[in-house]
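Subject: Structure for your review

Dear colleague,

Please find below the structure that I mentioned, together with its sequence. My notes follow underneath, and I would be grateful if you read them with the coordinates open.

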Amino acid sequence: MMSSSLPFIRLKPKANARAIRHGFPWVYDNELVTDRRTKSLAAGSLAVLQDAERVSLGVVAVNPNSRIFCRMLDHNSETLINQAWFATKIKRAAEMRDQLYGEPFYRLVHAEADGLPGVVIDRFGDTAVVQPNAAWADVLLEPLVAALQEVTGVTCVLKSGTSRVRSLEGLSEDSAVLCGVAPESPVNVSMNGATYLADVTDGQKTGLFYDQRLNHSFASKLCRGANVLDVFSHVGGFSLAALAAGAKSALAVDGSARALKLAVDGANTSGFEDRFSTRRGDAFDVLIELASEEAQFDVVICDPPAFAPSKSALEKGLRAYERVARLAAPLVNEGGYLALCSCSHAAELARFRAASIRGIGRAGRKSQLIHTGFAGPDHPLMPQLSESGYLKSLFFRL
């Protein structure tokens, strides 16, 4: 769409236009002059954002149904948002990943940090899974997918519409095969010496969590010759990496039978089946059961889902993180290690760390914090947007 044909929307005089000029990618609904014309714009349509003096700030995607009314796409208000524009963004993202990773298995696009607000793309060799978590990406999915194929050569593109964020945007939770033929079985992904099985068609989110790759690697160094407990394990993220590094045993705990089946298949494919076991159940219940059984482990890792997905859920989420730490700490041998993770962007590092330390203390254990880990470089942080740095992993020696 030609930018000259786009409607204009304007910031209120007290809105922080400087933050937008310096890279902040969002404009909230209470920062805009919202008249009947503005509110009638279709979700996912494009507009030119102006400051209060009518100076153009760039091309934005709008969604009157969302608290985030505008997402900045390009600071040049004359830019055309078309397949070529998408290709430039994806090519820039791919160049960095291909420099860092030997095989095309990584997060290819990490939303705002890669210049595509709300868009997540994970690559699994010849297959890519797209999460269009903003209305504009749904509207422009066709040129996005065409650019993705043009730049990467992937033969299959899947849409995952199950993200919680889509509901906040007023979008349906539908998934689809956008091009090519979907894999008939889980995709093998090699990381940190282990083989993981990613269910890209029916798994959680895109099928595998690439963001913990570096933290898996660090944890594995603590696991040589160790008995390991991996709680909230999904498809065996930490436990398979631990076994690849020479762990004596690993027990994976998760509430999903499907995820644990993929973990077992990954262990079998990796040749770890004789050292790997699983236990299905609510993680909190299993931690209590293990304590009653007087079980002890050299390394315990807890990587729960987002307990604080929003600011309104923060206090409740922090209490849940504290409880995880309190229940997990007694299971760690003297001199052993406890890793605690959070993928809640609302729980900033200092608050999460305080909750974790409080839980360890209430379990009667003393600790040293030996390492703090974050997401890998295929999940870059946008400096202006703290929400893009959501993952924290704390490693304690008890």
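Which residues in α8 are buried? They are G237, F238, S239, L240, A241, A242 and L243, where buried means under 20% relative accessible area, exposed over 50%, and partly exposed in between, with a 1.4 Å probe and protein chains only. The helix is thus mostly covered, with seven of its eight residues buried, and G246, just after α8, takes a positive phi of about 105 degrees.

Before going further, please note that this is a predicted model, in which local features need pLDDT of at least 70 and side-chain atom pairs count only at pLDDT 80 or more, while totals for chains, interfaces and linings use all residues. Residues are numbered from 1 along each chain as its sequence is written, and side-chain values use heavy atoms, with hydrogens and water left out.

Overall fold

The protein has twelve helices and 19 strands, these being DSSP runs numbered from the N terminus (helices H or I, at least four residues; strands E, at least two). Its radius of gyration is 22 Å, close to the 21 Å that the globule rule gives for 398 residues, so the protein is as compact as a globular protein of that length; the radius is taken over C-alpha atoms, and the rule is 2.2 Å times the number of residues to the power 0.38. Along the principal axes, the C-alpha atoms fill a box of roughly 70 × 45 × 35 Å, and 54% of the 398 residues count as buried. If one takes the contacts (heavy atoms within 4.5 Å) between residues at least 6 apart in sequence, 63% of them join residues at least 24 apart.

Cores

The largest nonpolar core has 41 residues, of which F124, V189, Y196, L208, V228, L240 and F276 touch the most other members; such a core is a set of buried Ala, Val, Leu, Ile, Met, Phe, Trp, Tyr and Cys residues joined through side-chain atoms within 4.5 Å. Helix α8 (residues 237–244) gives the largest share of this core, five residues. A second, separate core of 36 residues includes F232, C302, V324 and F396. As for L208, its contacts, leaving aside neighbours within four places in sequence, are D122, F124, V189, M191, Y196, A198, H234 and V235.

Loop residues

Two residues other than glycine have a positive phi that you may wish to inspect: F232, with a value near 60 degrees, and E294, with about 60 degrees. F232 is placed in the loop between β13 (227–231) and α8 and is buried, with a relative accessible area of 15%, whereas E294, in the loop between α10 (283–292) and β16 (297–302), counts as exposed at 68% relative accessibility.

N63 lies in the loop between β4 (56–62) and β5 (68–74), and counts as buried because its relative accessibility is 2%. Residues up to four places away in sequence not counted, N63 touches A43, I68, F69, A135 and E169.

L41, in the loop between α2 (36–39) and β3 (46–50), is also buried, at 16% relative accessibility. With neighbours within four places in sequence left aside, L41 is in contact with P7, I9, V62 and P64, while L41 and Y101, 60 residues apart in sequence, are 42 Å apart in space, C-alpha to C-alpha.

With best wishes
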